[in-house]
Amino acid sequence: MTADRRIEEITDRIRERSAATREPYLARIRAKGAEGPKRSTLTCGNLAHGFAACGPTDKARLSGGETANLGIITAYNDMLSAHQPYERFPEMIRQAAREVGATAQVASGVPAMCDGVTQGQTGMELSLFSRDVIAMAAAVGLSHDMFDAAVYLGICDKIVPGLAIAALTFGHLPAIFVPAGPMTSGLPNDEKSRIRQLYAEGKVGREALLEAESASYHGPGTCTFYGTANSNQMLMEIMGLHTPGSSFVNPNTPLRDALTREAARRALSITALGNEYTPAGLVVDERAVVNGVVGLHATGGSTNHTMHLVAIAAAAGIKLTWQDISDLSDVTPLLARVYPNGLADVNHFHAAGGMGFLIRELLDRGLLHEDVRTAWGTGLRAYTIEAKLGTDGHSVVRESVPTVSGDPKVLTTADKPFSMNGGLRMLNGNLGKAVIKVSAVKPERRVVEAPAKVFHDQNQLKVAFDAGELDQDFIAVVRFQGPQSNGMPELHKLTPLLGVLQDRGHKVALVTDGRMSGASGKVPAAIHVTPEAKAGGPIALIEEGDMIRVDSEMGTLELLVDAAELSSRKPATPDLAGNEFGLGRDLFAPFRAAVGTADNGASVF
């Protein structure tokens, strides 16, 4: 089925806008691909270093240069629950490669931080910057020119975007992303949120809070709410960089292991040495990028991807804008309700039909490009399946996804959507541009007009909350939180506090040049405000008590102050109260000097 006319129009304008950058990119990866396996051009000394630690069989295969060598880029560490299962993956992948007469080596490890651990802490100031560090670390491994394809082991927030940027920078190499899967369901996310709010109000103690958090985050695998990590997995599948049906299979299960071995074999089968050469730079074209944005809207995905998708697309020579993302939201129905957009978690989503059901519904409505190239072959229709374990207990079999959702309250059809448009919207006004996620915000709370309460640090807001100074209608302005200021940390420390005030009946909203990410919930939050305060954006002109209007229905963000009055004001300077030497302000000073704005991906590249 051909794509909807409006989808085609947006894709065409992205293609036209990107022509001057996409064509040189394609020329570069075609030239690199035409050179053939780079190992054959290495000197004997180079090559000997490259396989010195291998066993005799692998050495013989690598020295011959006629069999494929698979590079493994791993974000393994055993502090991240999502990444702990990766400890076993390299040996599984090496063995799968040997079984088909090929080889595999770990090309490099990349850093992987947990936003859950650093939430509300100084370390969060490194989170966004870590994406570009990951891209560079992966590139260091691939720069050895020992590999004919690569598999990427990563799941969480900045890790997959960083790996994707690296994969596209080395776009002449085939790439498959290998997930480890979500942890099994624990304490429901809405109950966890309730305990957090009670703790914020002083109604329960730290012991009860820790018990609830531990019951929610309880084992190996990705956190089960629909934040950036699980949005990453959706994106890699709908953009054709996963094997079909692999996103949300739990860790350490026979099916998960079978999918991992299969991914290794598939990556080895699509190198330039064979007849199905599928470079990553041709998989991720304008159509794949649009498919990713549509998937993000249809699932109510992470606001972080208004930056990450822009940066990923740029790595492939494609210019995606916030306006494209906003316009695609207008034509994409919301088909999934996963916390914080509903009560279900990603395991419930997967059980209801998961990615296969979602992709089929969007394809049948013409909202996805079907005629794309994927790591699995040609055409996205191949992803409208459910992956199962074969009767031998080792292989993967695929069946057509059921025609009826297993739970219509979690995953619905395109003709009965939860909403007629996606959950992410762009705001414009005299405060600049911002992003807002409304899929979890009740309709009656999507327009807030109230006086400003101004803070330069999320801890300052908590102090005001604890002092009882916020028991009123207000819009919290938390500024000097952008990429050029302190690295653009997520501000989830504010979520329980603002939620308490909203539940008391107050009209509450947040305006910030910082981030809230995929866990953005029921409080309207105009985030990623650009220009940021550090760059002299209008958000730096706001004074205590100024009236602000956040209108996600009309798509406006306005400071209701006379233009002449505004022109007479001087931008504020950050009142950091002893926090002027946070990690994002100090350690990453060179990045801050080079980093872009939120709407161009906040990248140093």
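**Figure 1. Surroundings of helix α10 in the predicted model.** The elements that cover the buried residues of α10 include α7, β4, α13 (286-299), α14 (305-315), α16 (346-352) and α17 (354-364). The model shown here and in the other figures is predicted. Helix α10 spans residues 228-238, and 11 of its 11 residues are buried, so the helix is largely enclosed by the rest of the structure. Among these buried residues are Thr228, Asn230, Gln233, Met236, Glu237 and Ile238. Glycine 240 comes just after α10 and takes a positive phi of about 85 degrees.

**Figure 2. Alanine 164 in helix α7.** Alanine 164 belongs to helix α7, which covers residues 159-169. Is alanine 164 buried or exposed? Its relative accessibility is 3%, so alanine 164 counts as buried. A residue is called buried when its relative accessible area is under 20%. When neighbours within four places in sequence are left aside, alanine 164 is in contact with Phe177 and Ile312. The C-alpha atoms of alanine 164 and alanine 175 lie 9.0 Å apart in space, while the two residues are 11 apart in sequence.

**Figure 3. Aromatic pairs.** The structure holds 3 aromatic pairs. In one of them, the ring centres of tyrosine 86 and phenylalanine 89 are 5.0 Å apart and the ring planes stand at 90 degrees, so this pair is edge-to-face. Tyrosine 86 and phenylalanine 89 are both buried. Another pair is formed by tyrosine 152 and phenylalanine 177, with ring centres 4.9 Å apart and planes at 20 degrees; this pair is therefore stacked. The pair of tyrosine 152 and phenylalanine 177 links distant parts of the chain, 25 residues apart: tyrosine 152 is in strand β3 (residues 149-153) and phenylalanine 177 is in strand β4 (residues 175-177). Tyrosine 152 has a relative accessibility of 1% and therefore counts as buried. Phenylalanine 177 also counts as buried, because its relative accessibility is 2%.

**Figure 4. Lysine 453 in strand β11.** Strand β11 comprises residues 447-455 and contains lysine 453. The relative accessible area of lysine 453 is 18%, so this residue is buried. Which residues are in contact with lysine 453, leaving aside its neighbours within four places in sequence? They are Glu469, Leu470, Gln472, Phe474, Ile475, Ala476, Val477 and Glu544.

**Figure 5. Helix α19 and its packing partners.** Helix α19 is formed by residues 494-503, of which 8 of the 10 are buried, so the helix is largely enclosed by the rest of the structure. The buried residues are Leu494, Pro496, Leu497, Leu498, Gly499, Val500, Leu501 and Gln502. These buried residues pack against the helices α8 (189-200) and α18 (458-466), and against the strands β12 (474-478) and β13 (508-512). After α19 comes glycine 505, whose phi is positive and near 100 degrees.

**Figure 6. Proline 571 in a loop.** The loop that holds proline 571 lies between α20 (563-568) and α21 (583-586). Proline 571 has a relative accessibility of 45% and therefore counts as partly exposed. Leaving aside neighbours within four places in sequence, proline 571 is in contact with Ala540 and Leu541. Proline 571 and lysine 534 are separated by 37 residues in sequence, and their C-alpha atoms are 9.2 Å apart in space.

**Figure 7. The whole protein as the setting of the close-up views.** The protein contains 22 helices and 16 strands. Its radius of gyration is 24 Å, which agrees with the value near 25 Å that a compact globule of 605 residues would have. The C-alpha trace spans about 75 × 55 × 50 Å along its principal axes. Of the 605 residues, 60% count as buried. Among contacts between residues at least 6 apart in sequence, 77% join residues at least 24 apart. The protein exposes about 21900 Å², of which carbon and sulfur atoms supply 54%. There are 58 positive and 67 negative side chains, and the centres of these two sets lie 2 Å apart.

Note on methods: Residues numbered from 1 in each chain as written. Predicted model: local features only at pLDDT ≥ 70, side-chain atom pairs only at ≥ 80, totals over all residues. Heavy atoms only, no water. Buried < 20%, exposed > 50% of the residue type's maximum accessible area, 1.4 Å probe, protein only. Helix = DSSP H or I, 4+ residues; strand = E, 2+ residues; numbered from the N terminus. Contact = heavy atoms within 4.5 Å. Rg over C-alpha atoms; globule rule 2.2 N^0.38 Å. Areas by Shrake-Rupley, 256 points an atom, 1.4 Å probe, with all protein chains shown as cover. Lys, Arg positive; Asp, Glu negative; His and termini not counted. Charge placed at Lys NZ, Arg CZ, Asp CG, Glu CD. Phe/Tyr/Trp six-rings, centres within 6.5 Å; stacked < 30°, edge-to-face > 60°.
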